[in-house]
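Got your viewer open? Grab the selection tool and let's take a walk through this model together.

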Amino acid sequence: MYAIVKDGAITQTASTVQQLFPNTSFPSGPNTDFLNENNVKDVVNAEQKNRTYYFVVPGNIELVDGVPTQKYTNTAKAIDDSTTDGITTPGLKTNMTNRVKINAGQLLSRTDWMVIRKAERDVAIPSATATYRAAVITECTRLESAIAGAGDVDALATVMAAQNWPEES
């Protein structure tokens with residue numbers, strides 16, 4: 001994205017320099033001298049929060065310290081479930097808890113056959129496997145508790161970024 005900046009104001013924006021100057025040919029792209037002479041600057045992006053946790057909506061392009069900047073509105077998604085007219089919409093806590101449970105289930109599924117073998121034929125589960133499975137369950141339980149205790153979206157994002165699933169040996 002590009003902007004023409006004159007006298008401390010943005011006069012025009014476009015996705016490409018060609019759109020700003022439709023009657024000018026740029027066989028090998030516009031050079032730096034051309035861009036400087038015509039006050040063309042790259043538009044930079046302001047903060048965009050993680051879209052898993054926030055609705056991110058582009059706003060105006062504004063000058064910030066002389067730099068054209070694409071502004072964004074970052075609105076936190078609902079952290080808790082909400083019910084309207086008998087219909088419950090899951091919040092981020094429910095969605096993240098489900099993700100954690102799915103991940104734990106996938107990790108455990110790799111060794112489920114050993115548990116079934118133990119139940120059906122009384123063949124011992126190797127101690128390394130039992131230790132691994134216990135660690136997966138412990139991490140899942142820890143995350144579920146931390147998710148439930150998250151007071152806001154940023155705290156929830158911190159919890160989800162600190163997942164520490166065990167490595168299978």
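Here is a tour in stops, each with something to select.

**Before we start.** This is a predicted model, in which local features need pLDDT of at least 70 and side-chain atom pairs count only at pLDDT 80 or more, while totals for chains, interfaces and linings use all residues. Residues are numbered from 1 along each chain as its sequence is written, and side-chain values use heavy atoms, with hydrogens and water left out. Names like H5 or E2 come from DSSP runs numbered from the N terminus: helices (H or I) have at least four residues, strands (E) at least two.

**Stop 1: an open sheet.** Select strand E1 (residues 2-6), then add strand E2 (9-14) and strand E3 (40-42). You're looking at an open sheet of 3 strands in the order E2-E1-E3, with antiparallel pairing. Two strands pair if DSSP finds at least two bridges between them. E2 and E3 are the edge strands, each pairing on one side only. From one strand to the next, the twist averages 35 degrees. Now zoom in on E1 and E2, which pair over 5 bridges. Click Ala3 and look across to Thr13, its bridge partner in E2. What holds such strands together? Strands of a sheet pair through backbone hydrogen bonds, either parallel or antiparallel.

**Stop 2: strands around E6.** Next, select strand E6 (residues 67-76) and strand E4 (residues 44-45); these two run parallel and are joined by 2 bridges. Asn45 has Gln70 of E6 as its bridge partner. Then bring in strand E5 (residues 54-64), which runs antiparallel to E6 with 9 bridges between them. One pair to highlight is Val56 with its partner Asn74 in E6. E5 and E6 form a hairpin with 2 residues between them, and Asp65 in the turn has a positive phi of about 55 degrees.

**Stop 3: a loop.** Follow the chain to Ala78, in the loop between E6 and strand E7 (82-84). Draw a distance line from its C-alpha atom to that of Pro90: the two residues are 12 apart along the chain, and the line should read 8.5 Å. Leaving aside neighbours within four places in sequence, Ala78 is in contact (heavy atoms within 4.5 Å) with Gly91 and Leu92.

**Stop 4: helix H5.** Select residues 127-149, the 23 residues of H5. The expected span is 1.5 Å times one less than the number of residues, so H5 should span 33 Å, and its end C-alpha atoms are indeed 33 Å apart. Which residues of H5 are buried? They are Thr129, Tyr132, Arg133, Val136, Glu139, Cys140, Leu143 and Ile147. Buried means under 20% relative accessible area, exposed over 50%, and partly exposed in between (1.4 Å probe, protein chains only). These buried residues pack against helix H3 (92-109), helix H4 (112-121) and helix H6 (153-161).

**Stop 5: H5 and its partner H6.** Show H6 beside H5: their axes come within 9 Å and cross at roughly 170 degrees. Axes are lines fitted to C-alpha atoms, for helices over the stretch in contact, and angles run from 0 to 180 degrees between N-to-C directions. That makes H5 roughly antiparallel to H6, a label for angles over 145 degrees. Leu143, Ala146 and Ile147 of H5 meet Leu156, Val159 and Met160 of H6.

**Last stop: H3.** Finally, show H3 with H5, packed at an angle of about 180 degrees with axes 10 Å apart. Among the residues that meet here are Met96 and Val100 in H3 and Val136 and Cys140 in H5.

Terms used
Parallel < 35°, antiparallel > 145°, perpendicular 65-115°, else oblique.
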